[in-house]
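Colleague: Please put the model up on the screen, and then let us talk through how its parts pack together.

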Amino acid sequence: MQVPPTCTDPLSEEGSLFKGLAENAMVGVYVVYQGRFLYVNAKLLDMLGYARAEMVQRMSLFDIVAHDEKHLVEAHLKRTMLGDISQFHYERKALKKDGSFIDVEVYCSRMVFGGQVALVGLMLDITQRKADAESAHLASLVYKHSSEAMVITDSNGVIITVNPSFTDITGYSLDEVLGQRLNILSSGRHPETFYREMWGHLAKTGKWRGEIWNRRKNGEEYAESLVINTSYNDDGSVRCRIGVFSDITTKKENEQFIWRQANYDFLTGLPNRKLLEDRLAIELARANRSKTEVALIFLDLDFFKEVNDSMGHAMGDELLRQVARRLTQCVREADTVARLGGDEFVIITGGLTDRAVVRRICEQVLQSLAKPYRLKDQLAYVSASVGVAFYPGDSKDQEQLMQHADLAMYAAKDAGRSQFRFYDVKMREAVRERWQLSRDLLGALETGQFELHYQPVIDLATGRIAKAEALIRWRHPDRGFVSPAQFIPFAEDNGIIIGIGNWVFDEATRQLVAWRNLGFEDFNVGINVSPVQLRGEGLDHRQWLQRLQDLGLPPGQLVVELTERVLMDVAPIVTEKLLAFRDAGVQVALDDFGTGYSSLSYLKKFDIDYLKIDQSFVRNLAEGSEDMALCEAMIMMAHKLGLQVIAEGVEMAHQRDLLKGIGCDFAQGYLFSKPVPAAAFTELLRSGLAGN
């Protein structure tokens, strides 16, 4: 807008001085006359992205004001021009040429130039300042409300400030730690070298990350995950250090509990097979480096089964615990004593240069284990058969070392027990004997040497038989009954288990039809299925389902019993078969629950119907016992997942009563009946009871 001819240019008289000052100002300067820009300085042009010719006398002040703020500017402008106020100050948005907005702080004054009233404004770009302020505000919110503890110290570790979470975790308020060094939290667990290395790393890199044990105000130790970073001054000196930490005590305890469960035997507290294999691998590697030997001492208790059968499983478990304690007293501090399972133990002795050390250990083991065991008010006697193999003298690797020590142990047992034997190549004859048993197994199916026995499963609510588990028995023509524990591993190794498994299925379903014909229709039978059957071309689930249909058997009358090991290594073919059974209505039970490491996700994925609590948890069941708590937890978990629970190994009435009291659905064990042939089981069905 051109200045009217009758008006004097407001800047003409004081122009040179004003423009000189304005063009060198660090802020935007403008003059508005009759609503339009009469003058803008270079800083304002740069700030808004315009050329001078675009703004001066062509643009209104409202052209650079955000739409929702125009009323604010208009009100201030009107009051100023009327003389109500001489100046005003506010923050608003300024519209740039490219359409974007910046935050600005504006100072405006009413001034008179050459008798004309004009508005002189100063505009400061505060976009970064506002962003910094918002960032600082957010940082303050994070600092105050973060669940992680934060502590700021000077370069020497003296505390400057802490956030509320610091107080929540440590128990110390800001007033109590202000000016104190961080070592006020020290637990004393870590050596001086730990802290020297920490501060050395901080001095070098400005950062440190790790886990540390500290102590709360109340004296309780806790674990924290700590991250320390450093803020520097412009000259490179340390401004402060910022520590952020969280309490991971529960996490560490859970990890330790899970690790111990995975690596230690729950009964004896000794390393289990997994940890044994890890330690053995370490010892073999050390032997290779130091050119020494490693001895693997494999021992099996003699007459343990007799003690277990005559005195009960609870006393058998106590004997195993005593054996474990005695074994640990017979070895060197660096040696490892582990329990493989059952009554089998292993000792690893490394760094050997003289085999006489191993001989002395074996002699001490035999003498110690042969002493009587006090089991409540009774004495029990067992001995041990011990086999020893050496690496690298007898064996080339870990697997072969275990095999050769096992062979030596069987040689000691064959020699009359309570002895030890060093491995000798002649012991391979023992392998041939076991091979013969495997050969005999090949013809057992064709010659009708197998039979099924049935053990009842009792409904604890009614006390009546609800189910049965079919258990295979091998009547060897020369050896008599051979334990499934002896021949099932052979059957799995050579694939005979496929044929045996199909025979078990055929026999069990045939018997189910017979029982249905006798009127026992609301009844199902569980059959054990090996992992080998489920893999590869083993069990044909389509044929099984077709046979159920041909026999007129509802699929729900068949229960497939699996071990947790099956769910640990689920190949696609295994998944396909299990899901096919589920979809057809065949029920699935998870056997020996609690002894493996199956994930809860597997229980849902495969639609498990029953959990069978392993008998090891039932043997020592007593009010207030750890086993009682574990059983109750497993039952509660199963019911939450919609599963029913069967407790195995129930031998005493009080076990049954305790299980019933904590909501267990079914029970199975010698209290009700041993596994019996089909004819005897039919009589149990007719009575509806089983020694209840």
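**Sheets, helices and a pocket**

Colleague: Which strands does α12 lie across?

Modeller: Helix α12 lies across β11 (293-302), β12 and β13 (344-352), and runs at about 10° to β13. Helices (H or I, at least four residues) and strands (E, at least two) are DSSP runs numbered from the N terminus, contact means heavy atoms within 4.5 Å, and angles run from 0 to 180 degrees between N-to-C directions, with axes fitted to C-alpha atoms, for helices over the stretch in contact. This is a predicted model, in which local features need pLDDT of at least 70 and side-chain atom pairs count only at pLDDT 80 or more, while totals for chains, interfaces and linings use all residues. Residues are numbered from 1 along each chain as its sequence is written, and side-chain values use heavy atoms, with hydrogens and water left out.

Colleague: What is the strand order in the sheet with mixed pairing?

Modeller: That open sheet has 5 strands in the order β12-β13-β11-β16-β17, where two strands pair if DSSP finds at least two bridges between them. Because β12 (336-341) and β17 (420-422) stand at the edges with a single partner strand each, one side of each is left without a neighbour in the sheet. On average, neighbouring strands here are turned by 20° against each other, direction ignored.

Colleague: And how many bridges join β16 to β17?

Modeller: Strand β16 (residues 383-391) runs parallel to β17 and is joined to it by 3 bridges, and valine 386 stands opposite phenylalanine 420 in β17. Helix α14 (residues 398-414) lies across β11, β12, β16 and β17, at about 145° to β16.

Colleague: What sits in the loop between β16 and α14?

Modeller: Proline 392 is found there, and the peptide bond that joins tyrosine 391 to proline 392 is cis, with omega at about 5°. Another loop to look at is the one between α10 (273-290) and β11, which holds lysine 291; its phi is near 60°, a positive value in a residue other than glycine.

Colleague: Back to α12, at what angle does it cross α13?

Modeller: The axes of α12 (residues 313-328) and α13 (residues 356-369) cross at roughly 145° and come within 10 Å of each other. The crossing is right-handed, meaning that the near helix is turned clockwise from the far one by less than a right angle, whereas anticlockwise would be left-handed. Val323, Arg326 and Leu327 of α12 make the contact with Val365, Ser368 and Leu369 of α13. By class, this contact has 4 nonpolar, 1 polar and 1 charged residues, where Ala, Val, Leu, Ile, Met, Phe, Trp, Tyr, Cys and Pro count as nonpolar, Asp, Glu, Lys and Arg as charged, and the others, Gly among them, as polar.

Colleague: Changing topic, what is the order in the antiparallel sheet?

Modeller: That one is an open sheet of 5 strands in the order β7-β6-β10-β9-β8, with β7 (159-162) and β8 as edge strands that each pair on one side only. Its neighbouring strands are turned by 25° against each other on average, direction ignored. Helix α8 packs on this sheet, touching β8, β9 and β10, and its direction makes about 150° with that of β8.

Colleague: Which glycines sit in the hairpin turns there?

Modeller: In the hairpin of β8 and β9, with 5 residues between the strands, glycine 219 has a positive phi of about 95°. In the hairpin of β9 and β10, also with 5 residues between the strands, glycine 236 has a positive phi of about 90°.

Colleague: How many bridges does the β8 and β9 pairing have?

Modeller: β8 and β9 pair over 9 bridges in the antiparallel sense, with tryptophan 213 partnered by alanine 223 in β9. β9 and β10 are likewise antiparallel over 9 bridges; serine 231 stands opposite cysteine 240 in β10, and leucine 226 has phenylalanine 245 in β10 as its bridge partner.

Colleague: Last thing, what lines the second largest pocket?

Modeller: It is lined by 25 residues, of which Leu182, Asn183, Tyr195, Met198 and Trp199 lie nearest its centre. On a 1 Å grid over the protein atoms alone, where a 1.4 Å probe fits, a pocket is an open set of points with protein on both sides within 12 Å along at least five of seven lines, and lining residues have an atom within 4 Å of a point. The largest share of the lining, 5 residues, comes from α8, and by class the lining has 12 nonpolar, 9 polar and 4 charged residues.
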